[in-house]
Amino acid sequence: MSMKKIAILSGDGIGPEIVAEAIKLLDCLKHNFGFDVELESAAIGGAGYDQDGDPLPESTLTICQQADAVLLGAVGGPAYEGLERELRPERGLLRIRAELELFSNLRPAMLYPQLASASSLKDEIVSGLDIMIVRELTGGIYFGQPRGIRELDNGEKQGFNTLVYAEYEIERIGRSAFDIAMLRNKKLCSVDKANVLEVSELWREVMNRLSTDYPEVELSHMYVDNASMQLVRAPKQFDVMVTTNMFGDILSDTAAMLTGSIGMLPSASLDSNGKGMYEPIHGSAPDIAGKSIANPLATLLSVAMMLRYSLGEAELANLIDVAVGNVLNQGFRTADIADGANSVSTAEMGDAVVAAMRVQSN
Ligand code: IPM
Ligand code: MG
């Protein structure tokens with residue numbers, strides 16, 4: 001087994017606290033499972049700005065380019081909100097997605113049976129929920145040109161962005177989604193706004209064309225407004241959903257909430273070679289930063305996704321998934337999933353998962 005290099009970007013807010021638990025887990029993989037790994041830390045987001053005046057320092061980008069995979073905590077915080085747009089933490093995130101060409105963003109939303117009561121929806125609507133949202137991540141309105149705020153002749157200001165997708169961009173995210181559907185229940189729902197937008201018309205056309213290469217996958221199309229409604233009405237009708245950058249941003253937050261805790265959900269952002277950046281879906285949560293109460297499970301599950309999708313270690317990934325299930329069975333809960341009952345700290349939760357991993361190594 002060759003040595004793998006992982007870039008560790010803790011970022012801001014609760015980022016350093018949750019990533020510290022992922023480092024414990026990676027150390028355990030190294031010492032108890034013989035996983036040959038080397039970690040290199042670098043600054044991003046507000047931490048990058050503090051270090052170098054840049055939310056994505058050149059040195060950070062280089063470390064990420066040289067790594068086999070990237071683990072990210074979270075970026076952003078109130079201290080950076082007054083900065084000009086290009087210097088804000090979120091720009092560092094958007095730039096690293098673009099620089100590494102991480103066009104395929106996988107956001108699973110699955111419900112742990114142990115946490116069914118944490119969902120705001122009725123048990124029967126969410127029990128057994130397991131959706132994968134495939135979000136296009138390097139195109140669409142997030143990156144389209146022209147963009148800006150200009151002054152009109154009458155002196156009034158006008159803001160503008162451009163929603164644009166080239167065929168190759170739709171095709172590669174489509175293939176990514178069809179491939180994932182093949183590994184799951186072979187149902188793919190493409191979400192667009194083809195009743196209004198030309199770009200969606202093209203999106204739909206390309207998805208239909210691709211589907212002839214995947215005869216086993218049942219492809220359907222849904223308008224985004226309906227999709228947002230169906231997600232809260234009957235979410236179990238979905239297996240894999242594929243959509244644009246902005247629709248995916250919105251729908252993935254809804255899907256995450258169905259599971260009761262956004263603190264449980266990992267994500268992967270992949271390039272065309274399967275190299276990827278892995279991060280919890282939740283943000284930097286500045287309101288609870290430094291309190292040692294953040295839920296590290298989404299970050300630990302992101303490590304599992306990394307092992308599965310980028311590092312060819314599906315077995316280790318499965319062990320982590322099992323370990324997380326086991327600590328939930330044992331009753332460990334951080335405050336966000338405790339439902340008012342006793343809760344453990346970020347580090348106690350991380351330690352419990354490491355202990356559950358050690359049990360499996362014997
Ligand atoms: C996400 C976040 C980001 C996005 C922000 C922080 C730029 O909301 O990863 O979903 O909009 O993509
Ligand atoms: Mg978002």
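Let's start with the overall layout: in this predicted model, the domain assignment splits the protein chain into domain 1, made of 1-103 + 286-362, and domain 2, covering 104-270. If you take the centres over C-alpha atoms, domain 1 and domain 2 lie 24 Å apart.

Now look at where these two parts meet. Here 23 residues of domain 1 are in contact with 29 residues of domain 2. Between them, the two domains bury about 2200 Å², and 64% of that area is on carbon and sulfur atoms. On the domain 1 side, the residues that lose the most area to domain 2 are Arg97, Phe103 and Met305, which together make up 33% of what that side buries.

What about polar and charged links? The rule finds 7 residue pairs in polar contact across the interface of domain 1 and domain 2, counting pairs with both residues at pLDDT 80 or more. The count of salt bridges between the domains is 1. You can also find Glu101 in a salt bridge with Arg172, where the closest N and O atoms are 3.7 Å apart. As for the elements behind the domain 1 side, helix H4 (89-99), helix H10 (297-309) and helix H11 (314-329) each give two or more residues to the side that touches domain 2. Of these, H10 gives the most, with 6 residues.

Finally, turn to the beginning of domain 1. Strand E1 (residues 4-11) and strand E2 (residues 37-41) run parallel and are joined by 5 bridges. Within this pairing, Ala7 stands opposite Glu40 in E2. To get from E1 to E2, the chain passes through helix H1 (residues 15-33), giving a β-α-β crossover that is right-handed.

Key: Residues are numbered from 1 along each chain as its sequence is written. Chains are lettered from A and ligands numbered from 1 in the order in which they are written. This is a predicted model: local features need pLDDT of at least 70, side-chain atom pairs count only at pLDDT 80 or more; totals for chains, interfaces and linings use all residues. Side-chain values use heavy atoms; hydrogens and water are left out. Two strands pair if DSSP finds at least two bridges between them. Helices (H or I, at least four residues) and strands (E, at least two) are DSSP runs, numbered from the N terminus. A crossover is right-handed if, with the strands pointing away from the viewer, the path from the first strand over the helix to the second runs clockwise. Domain bounds come from an automatic or database domain assignment. Contact means heavy atoms within 4.5 Å. Buried area is the accessible area (1.4 Å probe) that two parts lose on being put together, summed over both. A salt bridge is a side-chain nitrogen of Lys or Arg within 4 Å of a carboxyl oxygen of Asp or Glu. A polar contact is a pair of N or O atoms within 3.5 Å; within protein, one must be able to donate a hydrogen and the other to accept it, and residues adjacent in sequence count only if both atoms are side-chain atoms.
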